[in-house]
Amino acid sequence: MDFSTDLLIIGGGVVGCALAREMSRYRLSAVLLERAGDVAEGASKANSGIIHAGFDAVPGSLKAKYNVEGARMLPALCEALGVPWRRNGALVIGFSEEERAVLAELLERGRRNGVEGLRILERDEVLALEPNLNPEVCCALEAPTGAIVSPYELTFALADDAALNGVDFRLDTAVRRISRREDGTFRVETNRGDWTCRAVVNCAGASAAELHNQLSPRKLENVPRRGQYYLLDRPETLPFQHTVFQCPSRMGKGVLVTPTVHGNVLLGPSAEDIDDPLDTATTQDGLDFVLSRARRTWPAVSTRSNITNFSGIRAHESGDDFVVGPTEGCPHAWEAVGIESPGLSSAPAIARALAEQIAAELSLEEKAERVPFRAPSVPFRDLSPEARAAAVKADPRQGVVVCRCEVVTEAEIREAIRRPVGARSIDAVKRRTRAGMGRCQGGFCSPRVAAILAEELGLPLTEITKNGGESFLLTGTLREEAERSVRE
Ligand SMILES: Cc1cc2nc3c(=O)[nH]c(=O)nc-3n(C[C@H](O)[C@H](O)[C@H](O)COP(=O)(O)OP(=O)(O)OC[C@H]3O[C@@H](n4cnc5c(N)ncnc54)[C@H](O)[C@@H]3O)c2cc1C
């Protein structure tokens with residue numbers, strides 16, 4: 001089957017979705033193609049969730065420019081979209097005079113990048129701020145503008161806002177080949193038919209260099225760099241308020257210990273160069289490395305409260321900087337390649353810059369009006385008893401708690417499925433509502449979530465997946481029995 005549109009965006013990570021939202025301001029037909037069964041299935045779901053202040057990137061690099069601009073845009077964007085975020089500040093800790101010199105260098109870099117409020121703290125000040133830190137710490141760089149955000153909830157809200165304003169999201173659609181025709185239009189071949197478009201934007205994360213190389217004479221090389229994590233259950237009292245980094249290395253910002261916006265504690269990531277950009281396995285070696293490094297920050301860390309481990313793949317480009325803008329040698333193609341950390345922090349600024357370039361080049365007109373999207377920002381679990389009672393009165397399905405660990409109600413799950421780019425799998429519901437994010441990791445609520453998904457999507461239970469593709473919940477004799485009962 002053949003389709004056509006003005007603009008194709010390839011990749012539904014935070015960058016592609018932020019761009020889709022920016023483009024929905026203009027009068028044109030825009031379609032986003034995403035290989036996975038949901039948006040935020042690449043690096044945008046598996047990262048540290050830090051809005052970096054911007055002291056780490058080399059002054060003058062695109063990483064520095066977009067990090068600082070993006071970090072300034074994110075608070076207002078999160079507020080407008082109902083996305084959880086918190087300004088908790090960051091500390092980079094030092095254990096020696098050599099590391100103090102590294103911190104002084106980071107301070108200088110940060111000042112040159114335009115980061116405000118940076119200062120070096122001495123041991124007593126650091127321990128007064130964070131008493132659970134290793135007492136051997138001797139100093140720290142404090143970055144009060146550092147913050148935390150839910151990266152996948154940000155991506156979902158950007159996608160919902162874009163879809164509400166006319167961008168067409170095509171999931172389970174993998175781009176296989178792109179070529180530019182003689183008439184200047186593009187032919188984009190996918191597993192679900194071919195597209196013709198006037199302009200194309202490559203936001204394909206760890207696969208972006210491969211697509212770039214199909215269009216441009218200047219070749220780029222992507223090195224998938226995996227980062228593994230421990231996620232700890234929500235403690236009664238958070239051991240750290242700040243995001244605590246150690247001194248960075250050639251491979252990245254190092255292992256951090258941070259609270260998440262939902263009150264969990266995250267340890268990681270490792271940094272290993274691998275061959276397969278889709279290999280998100282966790283390994284004993286990788287996790288042991290994370291734990292040993294985290295112990296240097298937090299000697300009392302215990303894995304007894306570990307509820308899950310995961311990994312994400314950084315889209316490291318050999319040039320060691322973001323490649324953002326028009327694709328060299330290919331008019332009407334744009335790209336965001338090599339978007340590794342601080343890509344989450346930079347996404348709004350990258351998207352704004354690309355949208356402005358595209359709008360100018362294609363002479364696009366802005367729409368007179370947009371419909372703003374806002375996610376339900378106060379979940380049922382955070383309501384006061386009075387507000388909960390009122391919510392149940394208004395919708396009795398708010399009174400049916402499906403996920404007991406995280407207190408997620410049936411009404412919230414149905415709302416997540418009904419959003420403009422709604423949940424289609426157990427994991428998609430989990431990331432939108434937190435049903436299954438708690439201590440039991442969905443052991444109790446998954447069957448109930450599956451039943452709600454089947455009802456809302458009008459599908460048999462046998463078609464409901466954990467995470468798209470062939471990850472059916474019912475397999476083997478269970479599946480055969482369910483199919484037989486439907487036939488009978
Ligand atoms: C371990 C780790 C920790 C990080 N921590 C932070 C942090 O704390 N702060 C920060 O600012 N940044 C951080 N980052 C970086 C940040 O996560 C990424 O820069 C950002 O998520 C990249 O977004 P993206 O949209 O470019 O890519 P992705 O989120 O990877 O999205 C690309 C999308 O394209 C799709 N796709 C790929 N190929 C095709 C195709 N052929 N056809 C259709 N679709 C395709 C993929 O399925 C994917 O959904 C971290 C990254 C990692 C891996």
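The shell around the ligand in this predicted model divides into 17 nonpolar, 17 polar and 4 charged residues, where Ala, Val, Leu, Ile, Met, Phe, Trp, Tyr, Cys and Pro count as nonpolar, Asp, Glu, Lys and Arg as charged, and the others, Gly among them, as polar. Local features are reported only at pLDDT of at least 70 and side-chain atom pairs only at pLDDT 80 or more, while totals for chains, interfaces and linings use all residues. Residues are numbered from 1 along each chain as its sequence is written, and side-chain values use heavy atoms, with hydrogens and water left out.

Of the 38 residues around the ligand, those that come nearest are Glu-34, Ser-44, Ile-50, Ile-339 and Ser-345; a residue is near a molecule or strand if one of its heavy atoms lies within 4 Å of it. Several polar contacts can be followed from the ligand outwards, a polar contact being a pair of N or O atoms within 3.5 Å, with the further condition within protein that one atom must be able to donate a hydrogen and the other to accept it, and that residues adjacent in sequence count only if both atoms are side-chain atoms. The side chain of Ser-44 places an N or O atom 2.5 Å from an oxygen atom of the ligand. Backbone atoms take part as well: a polar backbone atom of Ser-48 is 3.3 Å from a nitrogen atom of the ligand, and a backbone N or O atom of Ile-50 lies 2.8 Å from a nitrogen atom of the ligand. Taken alone, the ligand exposes 1000 Å², of which the protein buries 96%; accessible areas come from the Shrake-Rupley method with a 1.4 Å probe, and for residues only the protein chains shown count as cover.

The elements that give two or more residues to this shell are helix H1 (14-23), strand E13 (222-232), strand E18 (306-317) and helix H8 (343-361), where helices (H or I, at least four residues) and strands (E, at least two) are DSSP runs numbered from the N terminus. Helix H1 is largely enclosed by the rest of the structure, because 10 of its 10 residues are buried; buried means under 20% relative accessible area, exposed over 50%, and partly exposed in between, with a 1.4 Å probe and protein chains only. Among the buried residues of H1 are Arg-21 and Glu-22, along with Val-14, Cys-17 and Met-23.

Strands E13 and E18 are also linked through an aromatic pair. The rings of Phe, Tyr and Trp (its six-membered ring) pair if their centres lie within 6.5 Å, and planes under 30 degrees apart count as stacked, over 60 as edge-to-face and the rest as tilted; by this rule the count comes to 4 aromatic pairs. One of them joins Tyr-229 and Phe-310, which are stacked at 4.7 Å centre to centre with 20 degrees between the planes. Tyr-229 lies in strand E13 and Phe-310 in strand E18, so that the pair links parts of the chain 81 residues apart. Tyr-229 counts as buried at 3% relative accessibility, whereas Phe-310 is partly exposed at 22%. Phe-310 also has Gln-228 at 5.8 Å, C-alpha to C-alpha, although these two residues are 82 apart in sequence.

Strand E13 holds a charged residue too, namely Arg-225, which counts as buried at 6% relative accessibility and whose side chain is joined to that of Asp-273 by a polar contact of 2.6 Å. Two other arginines are placed over aromatic rings, a charge being over a ring if NZ of Lys or CZ of Arg is within 6 Å of the ring centre and within 35 degrees of the ring normal. The charged end of Arg-170 sits 5.2 Å from the centre of the ring of Phe-3, and that of Arg-432 sits 3.8 Å from the centre of the ring of Phe-156.

The backbone geometry of the loops remains to be described. A cis peptide bond, with omega about -5 degrees, joins Gly-268 and Pro-269, and Pro-269 is found in the loop between strand E16 (265-268) and strand E17 (272-273). Another cis peptide bond, with omega about 10 degrees, joins Ser-341 and Pro-342, the latter lying in the loop between strand E20 (333-337) and H8. Ser-363 is not a glycine but has a positive phi of about 50 degrees; this residue is in the loop between H8 and helix H9 (385-394) and is exposed, with a relative accessible area of 63%.
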